[in-house]
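Me: I am new to this structure and would like a close look at a single part of it. Please start from one side chain and work outwards.

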Amino acid sequence: AAGSSVGGLGGGGGGGYIVVGTAHILPDEPEPTSGRILVFELQEGSLELRHEAAVRGAVYSLAELSSGLLLAGVNNKLQLFEWEAGAPRLALRAEHCGHILVLYVQARADFILVGDLMKSITLLQWSAGELTELARDVNANWMTAVAFLDDDTFLGAENALNLFAARKRADAPTEEERGRLEVVCEFHLGEFVNRFRRGSLTMQMREAGAEPLPTMLYGSVNGVVGVVASLPQELYVRLAKVQTALSRVVKGVGGLSHASWRSFVNDRKTADAHGFIDGDLIEAFLDLPPRKKEEVVAGLDMTAEQLSRVIEQLARLH
């Protein structure tokens, strides 16, 4: 049997290259000990096999670092290959160990984000011909998807249906602290997320000179597609107050409190949700009767009509 992962490489005489990672899955092996990386060239609508490289393990994830450089998660190693089109062949240039299973790999410029089976996320950098570990999350999260939000902030999903975000601590006073990612957001989504992709579900228009919000799409094993938007600090603070007020007015099904439902909970820790705004709860404001809307905005520095306009604008993200 064979498992596979698919990535891409730039270049090629036609439409570039398609790279497929495989594993030989044998009944008597707890983990695969062999696999292949297959490089296909796209030529006039057909795929032609250009090269196959044997690896010592399953190829769980593939990502292009830059033109001609390919990252591969092979069992507990992150390996970096260079594509030599003239040969043609994949040449191993570097590798990084210290993982359980490298299930997810994402690249942004020369930064690399690794999602591990059990050891949460690790940030690395390709520099001076080496893969260098910059920082890692010390929590024991069983990852299901990872993504870059920006150069310093990273989004993760884990198998207890939670989301979290972590950031680099470049300004920390000691090297030990700089080597630990700081968890800045935690939230129970209630969906098993298995993919993040940068993009949007609707075309965002610039309104009143404001830049469109950066958005990340997620997909779950249940077929749910959702949006995570990065909010400006001022808007986040305002919506956090609205969220608190709404949680007092809108009662959960069966009497379950909003705070309990959205708390980050897994086998190893429990933490109150923080850093995330629950879009479903916020949009519930639009369906409230006028009297309830006035209860929500009491004590806030906006009217019910103003808040409705803000929420309607956010609702256009999906």
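Is the residue Lys168 buried or exposed, and what is its relative accessible area?

Reply: Lys168 is buried, with a relative accessible area of 18%; buried means under 20%, exposed over 50% and partly exposed in between, using a 1.4 Å probe and protein chains only. The model is predicted, so local features need pLDDT of at least 70 and side-chain atom pairs pLDDT 80 or more, while totals for chains, interfaces and linings use all residues. Residues are numbered from 1 along each chain as its sequence is written, and side-chain values use heavy atoms, without hydrogens and water.

The side chain of Lys168 forms a salt bridge with Asp152, at 3.3 Å from N to O. A salt bridge here is a side-chain nitrogen of Lys or Arg within 4 Å of a carboxyl oxygen of Asp or Glu. Asp152 lies in the loop between β13 (143-148) and β14 (153-158), and Lys168 in the loop between β15 (162-167) and α1 (175-178), so the pair ties together parts that are 16 residues apart in sequence. Helices (H or I, at least four residues) and strands (E, at least two) are DSSP runs numbered from the N terminus. Whereas Lys168 is buried, Asp152 is partly exposed at 38% relative accessibility.

Another salt bridge joins Arg167 and Glu182, at 2.8 Å from N to O. This pair links distant parts of the chain, with Arg167 in strand β15 and Glu182 in strand β16 (residues 182-188), 15 residues apart. Both ends count as partly exposed: Arg167 has a relative accessibility of 30%, and Glu182 has 29%.

Arg167 also meets strand β14, where Thr153 lies. Leaving out residues up to four places away in sequence, Thr153 touches Phe148, Ala166 and Arg167; contact means heavy atoms within 4.5 Å. Thr153 is buried, with a relative accessible area of 17%.

The loop between β15 and α1 also holds Ala170. Ala170 is exposed, with a relative accessible area of 63%. Its C-alpha atom is 9.7 Å from that of Ala135, and the two residues are 35 apart in sequence.

In the loop between β14 and β15 sits Asn159. Asn159 is partly exposed, with a relative accessible area of 35%. Apart from its neighbours within four places in sequence, Asn159 is in contact with Trp142, Thr144, Phe192 and Arg268. The C-alpha atoms of Asn159 and Glu191 are separated by 9.1 Å, although their positions lie 32 residues apart along the chain as a sequence separation.

The two salt bridges described above belong to a larger set: the structure holds 18 salt bridges. One of them joins Arg93 and Glu82, whose closest N and O atoms are 2.9 Å apart. Arg93 lies in strand β8 (residues 89-96) and Glu82 in strand β7 (residues 77-84), so this pair ties together parts that are 11 residues apart in sequence. Arg93 is partly exposed at 39% relative accessible area, and Glu82 is partly exposed at 31%. Glu82 and Arg93 are linked with Glu84 and Arg89 in a network of salt bridges.

Elsewhere in the chain, helix α5 (residues 290-297) packs against helix α6 (residues 304-315) at an angle of about 90°, with their axes 9 Å apart. The axes are lines fitted to C-alpha atoms over the stretch in contact, and angles run from 0 to 180 degrees between N-to-C directions. The two helices α5 and α6 are therefore roughly perpendicular to each other, a label for angles of 65 to 115 degrees, with under 35 roughly parallel, over 145 roughly antiparallel and the rest oblique. Lys293, Glu294 and Val297 of α5 make the contact with Ala304, Leu307 and Ser308 of α6.

As a setting for these details, the protein has six helices and 21 strands. Its C-alpha atoms fill a box of roughly 70 × 45 × 45 Å along the principal axes. Of its 318 residues, 42% count as buried, and Lys168 is buried too. Among contacts between residues at least 6 apart in sequence, 47% join residues at least 24 apart.
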